[in-house]
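Hi everyone, thanks for coming. Let me put the model up on the screen, and then we can walk through a few parts of it together.

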Amino acid sequence: MAYVDAEIASQPDCWREAAELAGVVHGDLPRPGERVAVVGCGTSWFMAMAYAARREQAGQGETDAFQASEFPTGRHYDRLIAISRSGCTTEVLELLAALRGRTPTTVIVGDPASPAVDLAAAAVTMPFADERSVVQTRFATTALALLRAHLGDPVTALAADAEVAVRSPLPIDPATIGQVTFLGRGWTIGLAQEAALKCRETAIFWAEAYPAMDYRHGPISVAAPGRLVWAFGELPDGLPEDVAATGAAFVHSRTHGWRTVLGSWSAGRTPVDPMADLILAQRFAVALATSRGLDPDAPRHLSRAVVLA
C-alpha cells in the first residue's frame with residue numbers, strides 16, 4: 001500500500017482530533033470581526049481559499065486568501081494565518097519574517113520543529129496529520145477541519161461523512177476517463193482547485209478547476225464523451241443537463257446520494273459535506289495514477305517542501 005493510501009484513510013480520525021484541538025488553540029485563531037489574511041502555497045493555498053470564503057460566509061469578518069509569494073505587504077490585516085505542512089517553504093518563511101512585529105501571525109504546521117514555528121507569533125502544530133507522502137491529503141483537509149471547527153462547523157459529525165468517503169467505491173472508473181474538470185461555488189472553489197491539483201501532480205493527468213457559474217462561459221467546450229465533470233457543493237440550475245448534453249460524465253455529491261450521470265452508482269449513506277467529497281476525489285487521483293502505471297508516492301519533479309536557494 002502506498003503511503004498516500006493510508007494517509008487518505010486516516011482523515012476521519014484526523015478531523016476528530018482537529019475538532020478537539022480547535023477548542024484548545026482558539027486564542028491563536030481569528031476572532032469574529034477581525035480582518036484576516038490566509039496564505040499558503042499549492043495545496044495549502046487552496047485550503048486558504050476555502051477557509052477565507054467559508055469564514056466570510058459564516059459572517060465572521062472580511063477574509064482574503066493569497067499565495068504566500070503574492071501577499072500584498074502594504075495592506076493592513078488584524079491577523080495573518082499561514083498554512084504550511086512542512087513549515088520550511090521558502091515563500092512562507094520569507095513572509096512570516098517580513099511581518100514579524102508588524103502583524104500578528106499564526107502558522108498551522110505539521111512539524112513542530114520547523115522554522116516557521118519560530119518565525120510566527122503563534123503556532124498550531126498538528127504532527128498527528130503530518131505525512132510521509134509528497135502530495136498532501138490529510139494535512140490539508142485537517143487544517144481546514146481545524147479552521148472550520150473554530151468557525152463552529154460540526155467537524156466531529158462531518159468525520160462520519162469522511163468515514164463513508166474513505167471506504168465507498170469510486171463513482172467512476174478512472175481508466176475510462178481522459179480528462180476531468182472540477183467545479184465549485186463559494187468556499188468549495190478551493191476544494192475544486194485542490195482536486196484538480198491532486199490529479200495533475202499524482203497522475204500527470206489533464207485536470208482543470210473553475211467556479212461552477214463560470215463553467216459555461218467557455219470551459220464547457222472541452223466536455224465530451226470520455227471526459228468527466230465533477231462538482232462540489234451547490235449546483236447552478238441546469239448545469240447537470242448542460243453537461244449531459246455534451247456526452248461527458250457528471251459526478252456530484254448531494255444529500256440523497258452521490259450521482260453519476262451516464263452511469264448508475266450509489267454509496268449508501270452519502271456524505272453531505274463537500275470536504276468529504278474531496279476525499280473521494282483524492283482516491284480518484286491515486287487510482288488514476290496506478291491505472292497509468294505511476295507511483296502515487298513519487299510524483300515527478302516534486303518534493304515535500306519547496307525550499308529555494
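Let's begin with one residue pair: G184 sits opposite P211 of strand 7. Before I go on, this is a predicted model, where local features need pLDDT of at least 70, side-chain atom pairs count only at pLDDT 80 or more, and totals for chains, interfaces and linings use all residues. Residues are numbered from 1 along each chain as its sequence is written, and side-chain values use heavy atoms, with hydrogens and water left out.

Back to the strands. Strand 6 and strand 7 run parallel and are joined by five bridges. When I say that two strands pair, I mean that DSSP finds at least two bridges between them. Strands are DSSP runs of E with at least two residues, helices are runs of H or I with at least four, and both are numbered from the N terminus. Strand 6 also runs parallel to strand 8 (residues 227–231), again with five bridges, and there L183 has A231 as its bridge partner.

So is strand 6 buried or exposed? Six of the six residues of strand 6 (residues 179–184) are buried, so the strand is largely enclosed by the rest of the structure. Buried here is under 20% relative accessible area, exposed is over 50%, and partly exposed lies in between, using a 1.4 Å probe and protein chains only. Q179, T181 and L183 point one way from the strand, V180, F182 and G184 point the other way, and all are buried.

Now over to another sheet. This one is open, with five strands in the order 2-1-3-4-5 and parallel pairing. Strand 2 (63–67) and strand 5 (122–125) are at the edges with a single partner strand each, so one side of each has no neighbour in the sheet. From one strand to the next, the twist averages 20°. Strand 1 (residues 36–40) pairs with strand 3 (residues 79–84) in the parallel sense over four bridges, and V38 stands opposite I81 in strand 3. Packed on this sheet is helix 3 (residues 43–57), which touches strand 1, strand 2 and strand 3, and its direction makes about 170° with that of strand 2.

What does the record add? UniProt, in an unreviewed entry, places the feature "domain: SIS" at residues 26–165. Its positions are in the numbering used here, feature names are shortened, and annotations may be inferred rather than shown by experiment. Over residues 26–165 the chain is 39% helix and 18% strand, with the end C-alpha atoms 28 Å apart.

Next, a helix pair. The axes of helix 6 (residues 138–151) and helix 10 (residues 274–291) come within 11 Å and cross at roughly 180°. These axes are lines fitted to C-alpha atoms, for helices over the stretch in contact, and angles run from 0 to 180 degrees between N-to-C directions. The two helices are therefore roughly antiparallel, the word for angles over 145 degrees; under 35 is roughly parallel, 65 to 115 roughly perpendicular and the rest oblique. T141, L144, A145 and R148 of helix 6 meet M275, L278 and Q282 of helix 10, where contact means heavy atoms within 4.5 Å.

Last stop: D295, in the segment after helix 10. D295 is partly exposed, at 44% relative accessibility. D295 and T202 are 93 residues apart in sequence, yet 8.0 Å apart in space, C-alpha to C-alpha.

Thanks, and I'm happy to take questions!
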